[in-house]
Amino acid sequence: MNGMNDLRSTLSSDDRDYPPGPLAGVKRGATSDPGYPQPQAAEVESARLLANDARQTLRSADFSDGDIDRLADDFIAEDRGEETGAFIDWAHRIQRASQPARGRSTPAKLAL
């Protein structure tokens with residue numbers, strides 16, 4: 001879970017290629033994962049399907065199953081879409097943006 005926190009810390013609400021949708025704001029709050037949006041009950045299945053569709057590709061890029069599941073939750077909860085290809089591309093962007101933050105102690109701020 002620690003690696004996932006690093007990945008999600010690079011999420012940008014002003015990501016021009018994959019901006020959060022209009023419902024993203026109402027999905028933040030006191031949840032099992034405070035500070036991060038959670039899919040609504042009706043969206044949980046969409047997040048699981050998206051994660052499963054992308055799992056093979058993302059595993060080969062060193063994403064853990066936990067990373068994949070949480071990123072799919074975020075992608076769906078933030079109303080960024082449901083396309084597998086777009087999700088995979090977005091996950092890779094998050095991973096690339098998090099690389100300096102997860103590496104050595106060189107401070108770097110990246111915007112998506």
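**Note on helix α2 and its salt bridges**

1. R55 has a relative accessible area of 11% and is therefore buried, the cut-off being under 20%. The structure discussed here is a predicted model.

2. R55 belongs to a set of buried residues in α2, which also includes A47, L50, A51, A54 and L58. An α-helix has 3.6 residues a turn, so residues three or four places apart point the same way.

3. Helix α2 comprises 16 residues, from 44 to 59. At 1.5 Å a residue these should span 22 Å, and the end C-alpha atoms are 21 Å apart, so the two values agree. The helix nevertheless bends by about 40° at D53.

4. The buried R55 forms a salt bridge with D65, with 3.2 Å between the closest N and O atoms. This pair links distant parts of the chain, as R55 lies in helix α2 and D65 in helix α3, 10 residues apart. D65, at a relative accessible area of 33%, is partly exposed.

5. D65 also forms a salt bridge with R59, where the closest N and O atoms are 2.8 Å apart. R59 counts as partly exposed, at 43% relative accessibility.

6. A further salt bridge joins the side chains of R48 and D73, at 3.1 Å from N to O. R48 lies in helix α2 and D73 in helix α3 (residues 65-77), so the pair ties together parts that are 25 residues apart in sequence. R48 is partly exposed at 27% relative accessibility, whereas D73 is buried at 14%.

7. The count of salt bridges comes to 6. A network of salt bridges links R48, R55, R59, D65, D69 and D73.

Methods:
Residues numbered from 1 in each chain as written. Predicted model: local features only at pLDDT ≥ 70, side-chain atom pairs only at ≥ 80, totals over all residues. Heavy atoms only, no water. Helix = DSSP H or I, 4+ residues; strand = E, 2+ residues; numbered from the N terminus. Expected span 1.5 Å × (residues − 1). Bend = angle between axes of the 7 residues up to and from the residue. Buried < 20%, exposed > 50% of the residue type's maximum accessible area, 1.4 Å probe, protein only. Salt bridge = Lys/Arg side-chain N within 4 Å of Asp/Glu carboxyl O.
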